[in-house]
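Please open the structure in a viewer and keep the sequence panel at hand. The tour below proceeds by selection, and each stop states what is to be found there.

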Amino acid sequence: MTDTALTAPPVLSARDLRKSFGRVVGLRDVSLDLYPGEVLAVIGDNGAGKSTLIKCLTGALVPDSGSLTLDGERVTFRRPQDAQERGIETVYQTLAMAPALDIASNMFLGRELRRPGPAGSILRMLDRKEMRRRSLDAVQRLGIQTIQNIGQAVETLSGGQRQAVAVARAAEFGSKVVVLDEPTAALGVKESGLVLEAIKTLKARGLPVILISHNMPHVWEVADRIHVQRLGGCAGVITPTSHTMTEGVAIMTGAATL
């Protein structure tokens, strides 16, 4: 991300988000800005409020107070579909894929294309050829070379390939923002590299990414800025050049403050 991107208006902004679950406070007045073409990492210990923050940004939870702004317009998301309709796509750790279906069917799961004319409108026949063509284009645009057969079942793919397909699906439909929740968790070094390269490609295309991760080397490799969550609040925003991984972890755990 260039300095010019930081001077541009943010794509997504959150201001003073609060969320409580009974007496447990999940978020305490958390604010966040996501700028065009940047990778914003969100780090924090377990229970720091990372998941609650992301769910409030993507419609899975409705904050008790605070505001969200997308492209300068005040928005309210009451369900994940509301965020999707506005161009925000989320890839959760579970991936939400149907293993027995092929890659193209998973790419368009819930968004299936119908054939043109009466075949689609009356007979409700799927346009599998077009879905496969667009799926292959999406995979190739991310530079994923390890997937050659777009018609193979997802259950035959490796963990890294499945994550790459999930990222490609998010990039295909996420016109504004892509949110990735622990995309390299439980992956080997080579497969993690595949996913990290896909994130860099999204960034190069100008699509802003929010990355939630416990893997500090991965965060420091791809992130432009790092939002540190601690005890439900924001402990600060740092960059890989302003702070080392050790310093970032110290802020995250409370051993150091900004």
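For what follows, contact means heavy atoms within 4.5 Å. The model on display is predicted.

**First stop: the six-stranded sheet**

Select helix α10, residues 245-253, together with the strands beneath the helix. Helix α10 lies across β3 (39-44), β9 (225-230) and β10, and runs at about 30° to β9. These three strands belong to an open sheet of six strands with mixed pairing, in the order β6-β7-β8-β3-β9-β10. At the edges stand β6 (88-91) and β10 (233-238); each has a single partner strand, so one side of each is left without a neighbour in the sheet. On average, and ignoring direction, neighbouring strands in this sheet are turned by 20° against each other.

Strands of a sheet pair through backbone hydrogen bonds, in either the parallel or the antiparallel sense. Both senses can be inspected here by moving along the sheet.

- Select β7 (residues 177-181) and β8 (residues 209-212): the two strands run parallel and are joined by four bridges. Leu180 stands opposite Leu211 in β8.
- Select β3 and β9: five bridges pair these strands in the parallel sense. Leu40 has Arg225 of β9 as its bridge partner.
- Select β9 and β10: the pairing is antiparallel, again over five bridges. Ile226 has Ile238 of β10 as its bridge partner.

Remain with β9 and display its surroundings. Five of the six residues of β9 are buried, so the strand is largely enclosed by the rest of the structure.

**Second stop: the β9-β10 hairpin**

Which residue takes a positive phi in the hairpin of β9 and β10? Select Leu231: its phi is near 50° in this hairpin, which has two residues between the strands. The value is positive in a residue other than glycine. Leu231 is placed in the loop between β9 and β10. With a relative accessibility of 56%, Leu231 counts as exposed, the cut-off for that class being over 50%.

**Third stop: the four-stranded sheet**

Now select β1, β2, β4 and β5. They form an open sheet of four strands with antiparallel pairing, ordered β2-β1-β4-β5. Here β2 (24-34) and β5 are the edge strands; each has a single partner strand, so one side of each is left without a neighbour in the sheet. Neighbouring strands are turned by 30° against each other on average, with direction ignored.

Within this sheet, strand β1 (residues 12-21) pairs with β4 in the antiparallel sense over five bridges. To find one position in that pairing, select Ala14, whose bridge partner in β4 is Leu68. Helix α2 packs on the sheet and touches β1, β2 and β4, its direction making about 120° with that of β1.

Then select the loop between β4 (65-70) and β5 (73-75), where Asp71 is found. Asp71 has a phi near 50°, a positive value in a residue other than glycine. Is Asp71 buried or partly exposed? Asp71 is partly exposed, with a relative accessible area of 43%.

**Fourth stop: helix α2**

Select residues 50-58 and show the neighbouring atoms. Seven of the nine residues of helix α2 are buried, so the helix is largely enclosed by the rest of the structure. The buried residues of α2 are Lys50, Thr52, Leu53, Ile54, Cys56, Leu57 and Thr58. Extend the selection to Gly59, which follows α2 and has a positive phi, near 90°.

**Fifth stop: helices α7 and α8**

Finally, select helix α7 (residues 159-173) and helix α8 (residues 189-204). Their axes come within 8 Å and cross at roughly 15°. That angle makes α7 roughly parallel to α8, because angles under 35 degrees count as such. The crossing of α7 and α8 is right-handed.

Which residues make the contact? On the α7 side, select Gly159, Gly160, Gln161, Gln163, Ala164, Val167 and Ala171. On the α8 side, select Glu191, Leu194, Val195, Ala198 and Leu202. Coloured by class, the residues of the contact of α7 with α8 divide into seven nonpolar, four polar and one charged. As a guide to viewing such a list, an α-helix has 3.6 residues a turn, so residues three or four places apart point the same way.

Notes. Residues are numbered from 1 along each chain as its sequence is written. This is a predicted model: local features need pLDDT of at least 70, side-chain atom pairs count only at pLDDT 80 or more; totals for chains, interfaces and linings use all residues. Side-chain values use heavy atoms; hydrogens and water are left out. Axes are lines fitted to C-alpha atoms, for helices over the stretch in contact, and angles run from 0 to 180 degrees between N-to-C directions. Angles under 35 degrees count as roughly parallel, over 145 as roughly antiparallel, 65 to 115 as roughly perpendicular and the rest as oblique. A crossing is left-handed if the near helix is turned anticlockwise from the far one by less than a right angle, and right-handed if clockwise. Ala, Val, Leu, Ile, Met, Phe, Trp, Tyr, Cys and Pro count as nonpolar, Asp, Glu, Lys and Arg as charged, and the others, Gly among them, as polar. Two strands pair if DSSP finds at least two bridges between them. Buried means under 20% relative accessible area, exposed over 50%, partly exposed in between (1.4 Å probe, protein chains only).
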